[in-house]
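Me: Please take a close look at a single part of this structure and describe it for a reader who has not met the structure before. Please then go on from that part to the other local features, explaining the reasoning where a label needs it.

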Amino acid sequence: MSAFMSALGKLFRTTAFKLSFAYLLIFTIFAFVGLGYVAWNAQRLLTQQFISTIESEIDSLSNLYRFGGLRRLVTSVERRSRAPGALIYLVTTEAGERVAGNVGALPPEVLGRTGQFETLYNRTDETETRPDVAIVRVYLLPGGFRLLVGRDIEERRRLQEIIHRAFGYSLLFIGVLGCLGGWFITRRVLKRVDDMTDITRHIMAGDLGGRLKVAGTGDELDRLAENLNAMLDRIGELMRGMQEVSDNIAHDLKTPLTRLRNKADEALRTAKSPDELRTALDATIDESDNLIRIFNALLMIARLEAGSAREGLADFDAAEAVRGVAELYDALAEEAGVDLEVSVEDDLPVHGSRELLGQAMSNLLDNALKYGASSDSRNKTISVSAHRREGEVCIAVADRGPGIPEVERGRVLERFVRLETARSRPGFGLGLSLAAAVARLHGGVLRLEDNEPGLRVVLALPLKAVELPQPALQTAA
């Protein structure tokens with residue numbers, strides 16, 4: 001019993017049940033207002049019909065009295081009183097004495113009133129003492145006689161009973177149907193919410209592979225489940241990325257740290273002069289600087305992926321930023337014997353960080369100079385371009401080197417990933433990861449394409465929409 005009451009209380013506390021109850025209450029109010037309006041109009045029309053019939057009878061009988069006198073009036077009233085379903089008729093003297101009609105008893109003040117009104121009465125042919133109710137009108141005839149014509153309202157009373165009965169049955173039907181419908185809807189919604197709650201508990205317990213069920217109906221719960229599943233997928237990717245970073249740090253930084261420790265130990269054991277110690281310290285400082293650069297790059301990637309660098313975003317011209325970075329690397333390319341070709345379209349507005357875009361471009365140009373310059377002197381060319389394309393600003397760095405196999409292009413965007421052909425050259429495998437993180441921060445993407453031969457890296461960023469100035473209205477002189 002306690003479990004049932006607990007489940008019932010849980011059901012009553014749900015939002016779905018409260019909404020269902022609110023809809024039921026609103027529907028009930030509107031239904032009763034509509035039914036009441038229909039009932040009121042039906043009674044009003046019926047009463048108007050009664051009054052119209054009474055007025056017609058009074059006009060007919062008053063004309064008979066005017067042209068035929070009292071005798072003809074009494075004859076007609078007696079005849080009409082005996083007809084089946086007859087109206088109420090009464091003719092009295094000025095003193096209130098009954099002359100003709102089918103009314104046996106009336107309240108004493110009735111004959112002195114005017115207009116249409118309801119009153120109690122008894123028919124002359126009725127044996128019951130319980131009075132009936134009728135709508136009547138009293139008409140004063142010439143000579144002081146009074147004519148009363150009325151209509152029993154039994155039909156109206158029966159209509160009221162039917163309407164009251166319909167009100168009761170409607171309330172019962174709406175209540176039962178609404179409660180059953182609300183219970184069904186609430187149980188269905190509550191079951192899906194409970195399923196989501198169970199899965200989220202498993203996820204909180206450490207099972208990051210769990211996902212919310214999607215019923216396929218496309219309702220709000222399905223949309224919520226799809227968004228939560230997408231969020232869980234992203235969290236899973238970040239967790240895997242963190243695990244990979246930890247593993248990569250443990251493997252890739254172990255060697256330079258070990259080398260740093262061994263150099264310091266060797267200097268302590270074998271150095272015989274201050275110059276040898278200084279040389280060992282210089283090598284140690286260089287190795288420490290490399291480690292600091294690695295950690296700075298990792299911190300920058302983490303900040304970009306977490307979105308904490310969004311505070312400094314602003315509108316700027318990507319064309320100027322690309323040209324500036326290309327000018328800085330022009331001298332380096334010339335020293336390396338590489339031709340740097342620059343093709344940048346004017347006016348490329350984007351929303352983002354000029355500094356981060358410049359750093360990403362620097363990483364791409366560094367990679368192109370290190371790995372992309374072909375040993376063939378005829379193909380030592382690196383091209384830098386920036387153009388509009390289908391609502392994007394496409395910034396590309398292309399070389400004529402060995403390139404990257406298509407199966408490896410997704411993997412090289414991860415941290416510390418270096419191909420076998422690049423391990424003989426200096427680097428840490430973080431340049432493309434940082435560029436990809438910058439692209440994601442700007443709402444863009446980093447693509448690796450085949451330059452036939454060589455590699456073409458495209459940094460695609462959303463083009464900032466520029467509002468055109470409205471032309472001034474010219475007024476006629």
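**From one salt bridge outward**

Reply: In this predicted model, the side chains of Asp346 and Arg323 meet in a salt bridge, with 2.4 Å from N to O. Asp346 lies in the loop between E8 and E9, whereas Arg323 belongs to helix H7 (residues 318-335), so the pair ties together parts that are 23 residues apart in sequence. The two partners carry different labels for accessibility: Asp346 counts as exposed at 55% relative accessibility, and Arg323 counts as partly exposed at 28%. Elsewhere, Glu154, Arg157, Arg158 and Glu161 are joined into one network by salt bridges that share partners.

One contact among the members of that network can be described in detail. Arg157 forms a salt bridge with Glu154, and the closest N and O atoms are 2.0 Å apart. Because Arg157 and Glu154 are 3 residues apart in helix H3, about one helical turn separates them. Arg157 counts as partly exposed at 36% relative accessibility, and Glu154 counts as partly exposed at 26%.

A further salt bridge offers a contrast in setting. The side chains of Arg80 and Glu57 meet with 2.7 Å from N to O. Arg80 has a relative accessible area of 18% and is buried; Glu57 has one of 17% and is buried as well. Both receive that label because buried means under 20% relative accessible area. A search of the whole structure finds 14 salt bridges, including those described here.

The loop between strand E8 (339-344) and strand E9 (349-352) also holds Asp347. What is notable about the backbone there is phi: for Asp347 it is near 55 degrees, a positive value in a residue other than glycine. Asp347 counts as partly exposed, at 47% relative accessibility. Glu390 likewise is not a glycine and has a positive phi, of about 50 degrees. Its place is the loop between strand E10 (381-389) and strand E11 (392-398), and at 80% relative accessibility Glu390 counts as exposed. Another loop, between strand E12 (445-450) and strand E13 (455-462), contains Pro453. Here the peptide bond that joins Glu452 and Pro453 is cis, with omega at about -5 degrees.

The helices bring in a different kind of contact. The whole structure, when searched, yields 2 aromatic pairs. In one of them, the ring centres of Phe32 and Phe167 are 5.0 Å apart and the planes stand at 50 degrees, so the pair is tilted. Phe32 lies in helix H2 (residues 15-81) and Phe167 in helix H3 (residues 154-204), so this contact ties together parts that are 135 residues apart in sequence. Phe32 is partly exposed, with a relative accessible area of 25%, while Phe167 is buried, with a relative accessible area of 19%. The other pair is that of Tyr37 and Trp40, which is also tilted: the distance is 6.4 Å centre to centre, with 35 degrees between the planes. Tyr37 and Trp40 both lie in helix H2, 3 residues apart, which amounts to about one turn of the helix. Tyr37 counts as exposed at 54% relative accessibility, and Trp40 counts as exposed at 51%.

Trp40 takes part in another contact, with a charged side chain: Arg44 lies over the face of Trp40, at 5.1 Å from the ring centre. A charge is also placed over a ring at Phe117, where the charged end of Arg113 sits 4.1 Å from the ring centre.

Helix H2 contains Phe30 too. Phe30 counts as exposed, at 60% relative accessibility, and together with Leu19, Tyr23 and Ile26 it makes a nonpolar surface patch of about 480 Å².

Finally, a record can be set beside these features. According to an unreviewed UniProt entry, the annotation "transmembrane region" covers residues 20-40 and 166-185. In the model, residues 20-40 are 100% helix and 0% strand, with end C-alpha atoms 30 Å apart. Residues 166-185 are likewise 100% helix and 0% strand, and there the end C-alpha atoms lie 27 Å apart.

How values were computed:
Residues numbered from 1 in each chain as written. Predicted model: local features only at pLDDT ≥ 70, side-chain atom pairs only at ≥ 80, totals over all residues. Heavy atoms only, no water. UniProt positions renumbered as here; feature names shortened; annotations may be inferred. Helix = DSSP H or I, 4+ residues; strand = E, 2+ residues; numbered from the N terminus. Phe/Tyr/Trp six-rings, centres within 6.5 Å; stacked < 30°, edge-to-face > 60°. Buried < 20%, exposed > 50% of the residue type's maximum accessible area, 1.4 Å probe, protein only. Lys NZ or Arg CZ within 6 Å of the ring centre and 35° of its normal. Patch = residues over 30% accessible without salt bridge, like charges linked within 9 Å, V, L, I, M, F, W, Y side chains within 5 Å. Areas by Shrake-Rupley, 256 points an atom, 1.4 Å probe, with all protein chains shown as cover. Salt bridge = Lys/Arg side-chain N within 4 Å of Asp/Glu carboxyl O.
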